[in-house]
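Please open the model in your viewer and keep the selection panel at hand. The tour goes from the whole chain to a few side chains.

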Amino acid sequence: MDHSVGQDGQAVHVVVTCTNRKRIAVADELRVRNVLARDVDERCDQWVRHISTAPAQVPASDMYAGEHWLIARRLAEIVGEKATLWVCSAGYGLIPVTTPIAPYAATFALGHGDSVAANAEGARRWWARLSRWVGPQRDQPRSFVALAARDPDATIIAVLSDPYLKACSTDLRGATSVLSDGDSLSVIGPAGRCPEIDDLMVPVTAALRAMVGGSLLSLNVRAAEYVLKESALRGDALQRPLLAKIMRDVIASVPDAPYKPAGTRMTDDEVRVFIRSRLEFGPTSATPLLRELRSSGRSCEHARFRNLFVEESRAAAGEWG
């Protein structure tokens, strides 16, 4: 059986969440935090004016960095040569991974300095608005609905984190009604976070880390990697019910982990206060500080902590200078 294509030899589109980490420094004008409009639509329009005139520097595949991206960029290769990798980006919208882009800072995650909106509804409006922009490459679909309309017999596999699947939920639901077979669209990610598309999910749980390894930040893409490889070995079509069965089987095979209470999540301001309190004693590095914070029963994602640490360290360096 040829595993390079989906059911009946049709194309496969794999869509992955972008990452906050970039390989190139981000200019201030390409950070959402510096877009001043408060209304989501107006804010998005201003952002498009900024990002659409920024010189593209490298393909998206070479822009992102980190553990998540290392796994994400090879998912289409697992499926085969007729699979196409796409990026779901809060800054650029839906783009092929080969699209040249500029470094930027924008995220659907809430409570971040570069959050595009204050809540999930705002994030959905931003995604819909951003989809109206022609994008960095003309004639390319700018939404899941547009992708399905261009290729109704294709398979679409979206590997999305919690905030990104919420932002795209209306678009994903719409795409299922455009595809010739609604089961050809699968969303690999956390279940129960977005009830309106729960039936589209191939649900991932934290217990799966014991099987696929890595950090929580890379769990969705590692789970997708496992499911796609297993599907190829079995010779299954990439249909949602079959992918979901593979996921259920592997989760059921994972032994129960000993109970460990989760740390208390901190806001950006709380993390900044913690970092500044330690920087009062002079320069240090992010890793031991994050380890100290987590050992105290509090929590912060590595990438967010690192960004806040860099900002506070620069401010402190100015004071020290």
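Begin with all residues selected, bearing in mind that this is a predicted model, and colour by the separation of contacting residues: among the contacts in the protein with a separation of 6 or more, 71% are accounted for by residues 24 or more positions apart.

Next, switch to a cartoon, in which the secondary structure comes to 14 helices and 10 strands. The radius of gyration is 20 Å, close to the 20 Å that the globule rule gives for 321 residues, so the protein is as compact as a globular protein of that length. If you draw a box along the principal axes, the C-alpha atoms fill roughly 65 × 50 × 30 Å.

Now turn on the surface, where the protein exposes about 15000 Å², with 51% of that area supplied by carbon and sulfur atoms. Beneath the surface, buried residues make up 50% of the 321 residues.

Select the charged side chains after that: there are 39 positive and 38 negative charges, and the mean positions of the two sets are 4 Å apart.

Finally, select the cysteines. How many disulfides does the structure hold? The structure holds zero. C18 is in no disulfide, and the nearest cysteine sulfur, that of C88, lies 7.0 Å away; C18 counts as buried, because its relative accessibility is 7%, under the 20% cut-off. Moving on to C168, you will find its sulfur 3.6 Å from the closest cysteine sulfur, again in C88, which is too far for a bond, since a disulfide requires sulfur atoms within 2.5 Å. C168 also counts as buried, at 0% relative accessibility.

Methods: Residues numbered from 1 in each chain as written. Predicted model: local features only at pLDDT ≥ 70, side-chain atom pairs only at ≥ 80, totals over all residues. Heavy atoms only, no water. Helix = DSSP H or I, 4+ residues; strand = E, 2+ residues; numbered from the N terminus. Rg over C-alpha atoms; globule rule 2.2 N^0.38 Å. Buried < 20%, exposed > 50% of the residue type's maximum accessible area, 1.4 Å probe, protein only. Contact = heavy atoms within 4.5 Å. Areas by Shrake-Rupley, 256 points an atom, 1.4 Å probe, with all protein chains shown as cover. Lys, Arg positive; Asp, Glu negative; His and termini not counted. Charge placed at Lys NZ, Arg CZ, Asp CG, Glu CD.
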